[in-house]
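Good morning, everyone. Please bring up the sequence and the structure, and I will walk you through a few places in the fold.

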Amino acid sequence: MGDKTKHLVRVGHEFAAAMSDDTPSITIAKMVTELASALDVQSARSDALAAENAAKTEFIQHCFRTAAEGGSLDGADIQELGERLGLFSRETYQPALHGYICGHEAGEDTVYVMEKSVGADEWVNEQRAVGATQVETNLRACYGEFPESSRDIVDECIQIAASTAAQLRGSQV
């Protein structure tokens, strides 16, 4: 866990401790609802990443099993397996998109291409950035409902959340 993340966690705990019985429950309920919605989106993306990983694992296991049994796979076998697992797809050949492939005619032949990966690192960072942005948005939305004595902590939380989201997205604040 990075220093900014650790600091955000510490300030978040201080923020939670500063909440009083005067903090409207509707404000807390809205924050929890929005965070739950963000978690649903994150869970769906996580499921997609897990499915992609399972397909790649099955592809590799099939290739190793075939080799271990003394068999071999030719290009057609590999293409069929990759297409069945959703790792490859067919596209109409276009030299501008696919590069020059000897023996293929533009617009007449099909070629196999690997499906785009979800991009695990980028995906994880974006999910973290979405969470940090949600914290910032929620705090700004209910800023006036916090006691005056807590606003310094709330201001710090807002700044840290904004900075963390920007850093995760590769921006500068």
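Let's begin with V124. V124 sits in helix 5. Is V124 buried or partly exposed? V124 has a relative accessible area of 29%. Buried would need a value under 20%, and exposed one over 50%, so V124 falls in between. V124 is therefore partly exposed. Now look across to S46. Along the sequence, 78 residues separate V124 and S46. In space, their C-alpha atoms are 9.0 Å apart. Keep in mind that this is a predicted model.

Stay with helix 5, which covers residues 120-141. Which residue forms a salt bridge with E126? The partner is R169, and the closest N and O atoms are 3.1 Å apart. This pair joins distant parts of the chain. E126 belongs to helix 5, while R169 lies in the segment after helix 6 (151-168). The two are 43 residues apart. R169 is partly exposed, at 40% relative accessible area. E126 is partly exposed too, at 30%.

Next, the strands. Strand 1 runs over residues 88-92. Strand 1 pairs with strand 2 in the antiparallel sense, over five bridges. To find your way, start at T92. T92 stands opposite T110 in strand 2.

Now follow strand 2, residues 110-114. Which side chains of strand 2 are buried? V111 and V113 are buried, and they point to one face. T110, Y112 and M114 point to the other face and are not buried. Why the alternation? In a regular strand, side chains alternate between the two faces of the sheet.

On to helix 3, residues 75-84. D74 caps the N-terminal end of helix 3. A side-chain oxygen of D74 lies 3.1 Å from the backbone nitrogen of A76. Just after helix 3 comes G86, with a positive phi of about 80 degrees.

Helix 3 also brings us back to salt bridges. How many salt bridges does the count come to? The count is seven. One of them joins the side chains of E80 and R84, at 3.8 Å from N to O. Why can these two meet? E80 and R84 are four residues apart in helix 3, which means about one helical turn separates them. E80 is partly exposed, at 46% relative accessibility. There is a third member here. E58, E80 and R84 are linked in a network of salt bridges.

Another salt bridge joins R90 and E83. Here the closest N and O atoms are 3.1 Å apart. R90 has a relative accessible area of 49%, so R90 is partly exposed. E83, at 29%, is partly exposed as well.

Last stop: the second largest pocket. About 180 Å³ of space lies in this pocket. How many residues line the second largest pocket? There are 13. E52, K56, L87, M114 and E115 lie nearest its centre. You have met M114 already, in strand 2, on the face with T110 and Y112. Which element gives the most to the lining? Helix 2, residues 25-68, does, with five residues. By type, the lining divides into seven nonpolar, two polar and four charged residues.

To close, two places to revisit on your screens. Find R169 and E126, the salt bridge that links distant parts of the chain. Then find the network of E58, E80 and R84. Thank you.

How values were computed. Residues numbered from 1 in each chain as written. Predicted model: local features only at pLDDT ≥ 70, side-chain atom pairs only at ≥ 80, totals over all residues. Heavy atoms only, no water. 1 Å grid on protein atoms, 1.4 Å probe; cavity = no way out; pocket = protein on both sides within 12 Å on 5 of 7 lines; lining within 4 Å. Points joined across faces, edges and corners; volume = space filled by probe spheres on them. Nonpolar A, V, L, I, M, F, W, Y, C, P; charged D, E, K, R; others polar. Buried < 20%, exposed > 50% of the residue type's maximum accessible area, 1.4 Å probe, protein only. Pairing = 2+ DSSP bridges. Polar contact = N/O pair within 3.5 Å; in protein donor to acceptor, adjacent residues only side chain to side chain. Salt bridge = Lys/Arg side-chain N within 4 Å of Asp/Glu carboxyl O.
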